[in-house]
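Student: I would like a close look at a single part of this protein. Please pick one helix and explain how it sits in the whole.

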Amino acid sequence: MQDASLVSQLRIPTIFSVGPINVYLIKADPLTLIDTGLLSEESEGALRAGLQSLGYGLRDIRRILITHGDYDHSGLAVRIAEASGAEIYVHEAEKLKMDGWVRFISGKATVLATGGVSAEIFAQVLAATQNRIPIAQPLVEYTPYKGGEVLPFKDFELEVYHTPGHALGHLCFFLRKQGILFCGDTLLARVTPNPQLEIDPQAPDGRYKSLKQYMSSLDLLEKLPVNKVYPGHGRPFTELKKRLAEIREHHRLRTQLIAETLRAKPLSPYQLAVALYQGLDGYNNVLGVSEVWGHLDILQEEGIIEGRLENGVYSFQTKPGFSCFPAASKARVEYRRSSAIEM
Ligand SMILES: [Zn+2]
């Protein structure tokens, strides 16, 4: 079966700088939608029009698979389920986001404070979020997935993989027979997904080590026999291994740049984010802190930096005797070329 006849990509507008989100329709029995677009009249209209152009209606959808709970990926899920009776499949860890973005972000306040984010900055984050994101329809009926499940279609199967990193409960969906990977925001053709700071109740300090998890998720995806990658944003692509190598290199250089920045004096994750990214505002404060803290986890594990908690705030510095990475100057150049904080 040609994938053009099996999979259709619908580009649904969002309010975010990343641009439209890709929603995918698997035109097989049962008719399955991957991600939804955000909860707005404009998005719902675009989804309805896209489905109609393919000869379907919202009511025909039988299954809704959610890669992760970010608002643009999952906002319409409950509305579509109500209109169609479709079942929603999502990782348990994403439910909190889907139930309400503001409450989800509020839950990060304590951990962000230990990263040096002041109450004033956090108030700006919340205000920016409250102004932009409409109230969600809470997720009541759904099937919680963990990864490892197999969803049957009439002639083939869809495998579910847990790929934490950009989101704690991120899932990728793989059609092994066709070699098609639906990877949400785990892999994008042009931008590097942000390893978002999230709360992990099982972690000792309550914070999930998002970049470390993300790098492990890349290793997992590399083992799959993939012919084509359908990402959550931007164009589909075929060269999985090449893209994986580019993303690993991007993070390696960024890690080196951060180590070099910490040679002069100890900095909190927030101070480090301010030093590296110009004009942090609104939710970008959280993205900036998420990105640098992910790299700090890696540097700490490699024994290059040490951290300490003083007056409730962590600060980090390179250990005595650390000498600059040979490629650090290249890292500076790369950093200037790349956009500041990616989605
Ligand atoms: Zn996204």
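Tutor: What follows starts with one helix and then widens to the domains and the whole chain.

The model is predicted. The part to look at is helix 12, which runs over residues 284-301 and so has 18 residues, as the helices are numbered from the N terminus. From its first C-alpha to its last, helix 12 reaches 26 Å, close to the 26 Å expected at 1.5 Å a residue. Of the 18 residues of helix 12, 15 are buried, so this helix is largely enclosed by the rest of the structure. A residue counts as buried here if 20 or more other C-beta atoms lie within 10 Å of its own. Across the 343 residues of the protein, 44% count as buried. Just after helix 12 comes Gly303, with a positive phi of about 75°.

Now the setting. The domain assignment gives domain 2 as 253-337, and domain 1 as 3-100 + 136-238. The centres of domain 1 and domain 2, taken over C-alpha atoms, are 31 Å apart. Where they touch, eight residues of domain 1 are in contact with 10 residues of domain 2. By class, that side of domain 1 has three nonpolar, three polar and two charged residues.

Last, the whole. The protein has 13 helices and 13 strands. Its radius of gyration is 20 Å, close to the 20 Å that the globule rule gives for 343 residues, so the protein is as compact as a globular protein of that length. Along its principal axes, the C-alpha trace spans about 65 × 40 × 35 Å. Among contacts between residues at least 6 apart in sequence, 68% join residues at least 24 apart.

Technical notes: Residues are numbered from 1 along each chain as its sequence is written. This is a predicted model: local features need pLDDT of at least 70, side-chain atom pairs count only at pLDDT 80 or more; totals for chains, interfaces and linings use all residues. Domain bounds come from an automatic or database domain assignment. Two residues are in contact if their C-beta atoms, placed from the backbone, lie within 7 Å. Ala, Val, Leu, Ile, Met, Phe, Trp, Tyr, Cys and Pro count as nonpolar, Asp, Glu, Lys and Arg as charged, and the others, Gly among them, as polar. Helices (H or I, at least four residues) and strands (E, at least two) are DSSP runs, numbered from the N terminus. The expected span of a helix is 1.5 Å times one less than its number of residues. A residue is buried if 20 or more other C-beta atoms lie within 10 Å of its own, exposed if 12 or fewer, and partly exposed in between; C-beta atoms are placed from the backbone. The radius of gyration is taken over C-alpha atoms; the globule rule is 2.2 Å times the number of residues to the power 0.38.
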